[in-house]
Amino acid sequence: MPLHHLRAGVIGTGFIGPVHIEALKRIGVQVNALCGSTRSAHALADQWGIPEVYGDYDVDALLASPNIDVVHITSPNKVHVDQAIAALKAGKHVVCEKPLGMNTRETARLVKAAERSDRVFAVNYMCRFFPAVLQMRAMVERGDLGRIMHVQGHFFQDWLMMETDYNWRLLASEGGKLRAVGDIGTHWIDAVGFILDAKAEEVFATLETFHKKRFRPKGEVQTFAKADPKKMVPYTVDTEDFASVLLRYGKADHGFADGVHANCAVSQVAAGWKCSLYLGIYGTKGSVQWEFQQPNEIIFGRRDEPNQILQRNTAGFAADIANFTDNPGGHPEGFPDSHKMHCRAVYEHIATQGKSPALFASAADGHYEVKVCEAVLKSSSTKRWAKV
Ligand SMILES: NC(=O)c1ccc[n+]([C@@H]2O[C@H](COP(=O)([O-])OP(=O)(O)OC[C@H]3O[C@@H](n4cnc5c(N)ncnc54)[C@H](O)[C@@H]3O)[C@@H](O)[C@H]2O)c1
């Protein structure tokens, strides 16, 4: 079935909702319905020519539409699980934003619902679909780097650096008990696990909230938007600004990444870094390094030969990432393209009735990331290693 026979509905019209819409339009999927606040859903639907608009957060009305096969959940974390279970019940395939939910109690319910249904379920850990990430995964799997010993990196942003920066993510009641780790750290952990083809089994973590008191506007502000400091009220912060996390990974089937050690710093108060997911994978034969803000190349590090810069869509990248890059070398691809490639992988899996590879994160993978968050919290409070 061609992808343009599949029809999507999108819940959530803030920062990431329109990124999903754009990605879907770029792969030829029809976006037939939108749900959000009445004003912003109508404005976004007008912009993109989306025929069905469900305002007032009327998710049930969107799910009842016969003109949707796949539902994209791009609303805040605290409503993901209920909306995703309702979408599965309505017979829709689901693409849900990360983190999958607020805690493992609720994400376990969702895993069960996804297992019981015959629908495709994906969590938008789209970093997997940067060609560089797929390339690093292929290099690890082929043994190009030898036996992987350790991984190091960070995910740094600065958009919540000031005490007057506000977003719903700062409140544990809205985004979950872990903020920096849940919001961006899980992207790093998922990407590293994907590259190694192994899961972290144990973590040791310290957390810090540098701004114990912050100021918030009386209303809501959209992600990355600025609020007027004169119209703000103080509140006590119950989520972390920074985390330092050690991880020990389990076994990988290919045998090149067993028992890998990793360390990762996560910060949303790191001046100058807008969205820097950096990782280095160190093996007995060589290393690879990659940075989200320079996504088109990786550095292949070697001890006794010159280091190399491998560029996307040149001889440096293997043919097995060919379906995940559309533009020739030297024509940069980045954040929006990773969403496009994620959507392509999910929709091809639906269209081929499961014949194309399921490289995307499943409900179980999303649940696992929430388990990692809970282990991080436990470790930081007990000051001991915690099992995931
Ligand atoms: N994969 C990524 O790279 C990525 C990037 C950003 C955000 N996200 C995730 O996407 C989700 C949304 O984040 P955002 O940055 O777009 O937030 P946002 O605040 O900018 O947008 C959230 C939208 O959801 C709407 N909304 C609120 N309650 C709702 C409800 N009950 N039903 C339907 N819609 C509702 C809001 O009106 C708003 O339009 C979060 O889970 C976040 O973690 C993922």
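Domain bounds are taken here from an automatic or database domain assignment. In this predicted model, that assignment divides the chain into domain 1, covering 3–125, and domain 2, which comprises two segments, 127–333 and 340–382. A distance of 23 Å separates the C-alpha centres of the two domains.

The interface between the domains involves 34 residues of domain 1, which are in contact with 37 residues of domain 2. Together the two domains bury about 3100 Å², and carbon and sulfur atoms account for 69% of this area. On the side of domain 1, the greatest losses of area to domain 2 fall on F15, T104 and Y125, which jointly contribute 23% of what that side buries.

Polar and charged interactions also cross the boundary. Eleven residue pairs in polar contact are found across the interface of domain 1 and domain 2, with both residues of each pair at pLDDT 80 or more. The number of salt bridges between the domains is two. In the model, a salt bridge joins the side chains of K98 and D183, with an N to O distance of 3.1 Å.

With respect to secondary structure, two or more residues on the side of domain 1 that touches domain 2 are supplied by each of the helices α1 (16–26) and α5 (104–116) and the strands β4 (70–73), β5 (93–96) and β6 (121–123). Helix α5 provides the largest share of that side, with five residues. Classified by residue type, the side of domain 1 that touches domain 2 consists of 22 nonpolar, nine polar and three charged residues.

Key. Residues numbered from 1 in each chain as written. Predicted model: local features only at pLDDT ≥ 70, side-chain atom pairs only at ≥ 80, totals over all residues. Heavy atoms only, no water. Contact = heavy atoms within 4.5 Å. Buried area = accessible area lost by both parts, 1.4 Å probe. Salt bridge = Lys/Arg side-chain N within 4 Å of Asp/Glu carboxyl O. Polar contact = N/O pair within 3.5 Å; in protein donor to acceptor, adjacent residues only side chain to side chain. Helix = DSSP H or I, 4+ residues; strand = E, 2+ residues; numbered from the N terminus. Nonpolar A, V, L, I, M, F, W, Y, C, P; charged D, E, K, R; others polar.
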